Every structure is written in C-alpha cells, then in structure tokens.
Amino acid sequence: MKVEVFLPDDYRPAEDEPFMNERQLEYFRRKLLAWKNEILEESRDTIEGLQDSGSRNIPDVADRASEETDRALELRTRDRQRKLVSKIDAALRRIDNGEFGYCEATGEPISLKRLDARPIAVMTLEAQERHERREKVHRDD
C-alpha cells in the first residue's frame with residue numbers, strides 16, 4: 001500500500017530539493033490526474049452535446065452544414081484528447097516505475113520548468129529539438 005504524501009496547496013517543485021523526491025512525484029501525479037479528469041469531463045460534455053444535436057432536424061442547408069462542421073471539429077479535438085489521455089496514463093506509469101522526469105534519449109533529468117509546463121514530456125528540451133530536427137530532415141527526403 002502506498003503511503004500518502006503530504007503536499008501543501010501552494011507547493012511547487014524547486015531546483016534546490018532532490019530531483020524527483022516523493023513530494024515532486026506526488027505534485028506531478030496530482031497535476032496529471034487533474035488534467036486527465038478535466039479532459040474526461042469535457043469528453044462527457046461533448047458526448048451529451050452530440051446526442052442532443054443528433055436528434056435535431058435542421059431544415060436550413062447552411063445551418064446543417066455549419067453544425068456538421070462544428071461536430072467534425074469537436075470529434076477531431078476529442079480524438080486528440082484521447083491520445084493525450086494515453087500519454088498522461090503513460091506518464092503516471094513512469095511515476096509508478098520511478099522513470100518519470102528522466103529523458104528517454106539521454107537519461108538526463110528533464111528540467112522542472114519543462115515538466116511543470118508539459119508533465120507528459122519524455123525528453124529534455126535539447127533532446128526533443130534534436131529529435132525534431134532529425135525528423136524534419138528525414139521528412140524532406
């Protein structure tokens with residue numbers, strides 16, 4: 001059984017504490033769970049909205065086309081968020097496995113600022129930039 005880690009409401013990870021200590025891990029776990037819950041709540045709202053709009057009969061062709069466009073955009077957004085939820089789940093697994101906060105490419109710690117801005121990050125900023133440059137080079141071929 002996991003021990004509950006006390007975390008003050010105003011806690012922010014700091015560079016002067018040990019990297020990925022229990023408090024930092026708990027901070028990122030809570031941040032990821034809150035993000036995931038927010039996405040799932042938005043998805044429930046979308047499903048309800050699509051069910052409500054699906055039963056309406058809109059006689060005006062322009063209005064119907066506009067609503068279909070809105071629906072397609074909403075579904076595309078939800079698909080992106082579904083993929084984001086899987087990345088959040090992967091980050092939560094990395095926390096459980098003790099791998100969170102370390103670059104997949106170099107093994108170096110990812111900066112706390114980067115993790116706070118993008119807690120699903122798996123590479124340091126430098127490694128990510130190198131990866132994107134290589135990807136761009138190969139795409140241009």
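Where is M20 found? Let's begin there, hi everyone, and work outwards. M20 is found in the segment before helix 1. Please keep in mind as I talk that this is a predicted model.

M20 has two features I'd like to show you. One is its backbone: phi is near 55°, a positive value in a residue other than glycine. For background, most residues other than glycine have a negative phi. The other is its cover. Buried means under 20% relative accessible area, and M20 has 10% relative accessibility, so it counts as buried.

What is M20 buried with? Let's look at the nonpolar core. The largest one has 23 residues, and M20 is among those with the most contacts inside it, along with F28, L32, I88, I95, F100 and L115. Helix 1 (22-54), helix 2 (61-97) and helix 3 (112-117) are the elements that give two or more residues to this core. Helix 2 provides the largest share, six residues. If you are new to this, a general point may help: in soluble globular proteins, nonpolar side chains tend to be buried together.

Let's stay in the core for a moment and click on L115. Which residues is L115 in contact with, leaving aside neighbours within four places in sequence? The list is F19, M20, F28, F100, G101, I110 and A121. So M20 turns up again, as a contact of L115.

Now zoom out to the whole protein. There are four helices and zero strands, and from the N terminus on the elements run α-α-α-α. The radius of gyration is 20 Å, well over the 14 Å that the globule rule gives for 141 residues, so the protein is more spread out than a compact globule. If you drew a box around the C-alpha atoms along the principal axes, the box would be roughly 65 × 50 × 25 Å.

How much of the protein is buried? Of the 141 residues, 32% count as buried. The accessible surface comes to about 10200 Å², and 51% of that belongs to carbon and sulfur atoms. As for contacts with a separation of 6 or more, residues 24 or more positions apart account for 53% of them. On charges, there are 27 positive and 33 negative ones, and their mean positions are 3 Å apart.

Let's visit three more residues. First on my list is T124, in the loop between helix 3 and helix 4 (125-140). Is T124 buried or exposed? It is buried, with a relative accessible area of 6%. Not counting residues up to four places away in sequence, T124 touches C103, T106, E108, P109, I110 and R114. T124 is also 8.4 Å from A105, C-alpha to C-alpha, although 19 residues separate them in sequence.

Next comes K36, found in helix 1. Not counting residues up to four places away in sequence, K36 touches V85, I88 and D89. You may remember I88 from the core list. Between the C-alpha atoms of K36 and T124 there are 23 Å, and the two are 88 residues apart along the chain.

Finally, look at F6, which is in the segment before helix 1. That is where we met M20 too. F6, however, counts as exposed, at 67% relative accessibility. Its C-alpha atom is separated by 27 Å from that of S86, 80 residues away along the chain.

That's my tour, and thanks for listening!

Methods:
Residues numbered from 1 in each chain as written. Predicted model: local features only at pLDDT ≥ 70, side-chain atom pairs only at ≥ 80, totals over all residues. Heavy atoms only, no water. Core = buried A, V, L, I, M, F, W, Y, C linked by side-chain atoms within 4.5 Å. Buried < 20%, exposed > 50% of the residue type's maximum accessible area, 1.4 Å probe, protein only. Contact = heavy atoms within 4.5 Å. Rg over C-alpha atoms; globule rule 2.2 N^0.38 Å. Areas by Shrake-Rupley, 256 points an atom, 1.4 Å probe, with all protein chains shown as cover. Lys, Arg positive; Asp, Glu negative; His and termini not counted. Charge placed at Lys NZ, Arg CZ, Asp CG, Glu CD.
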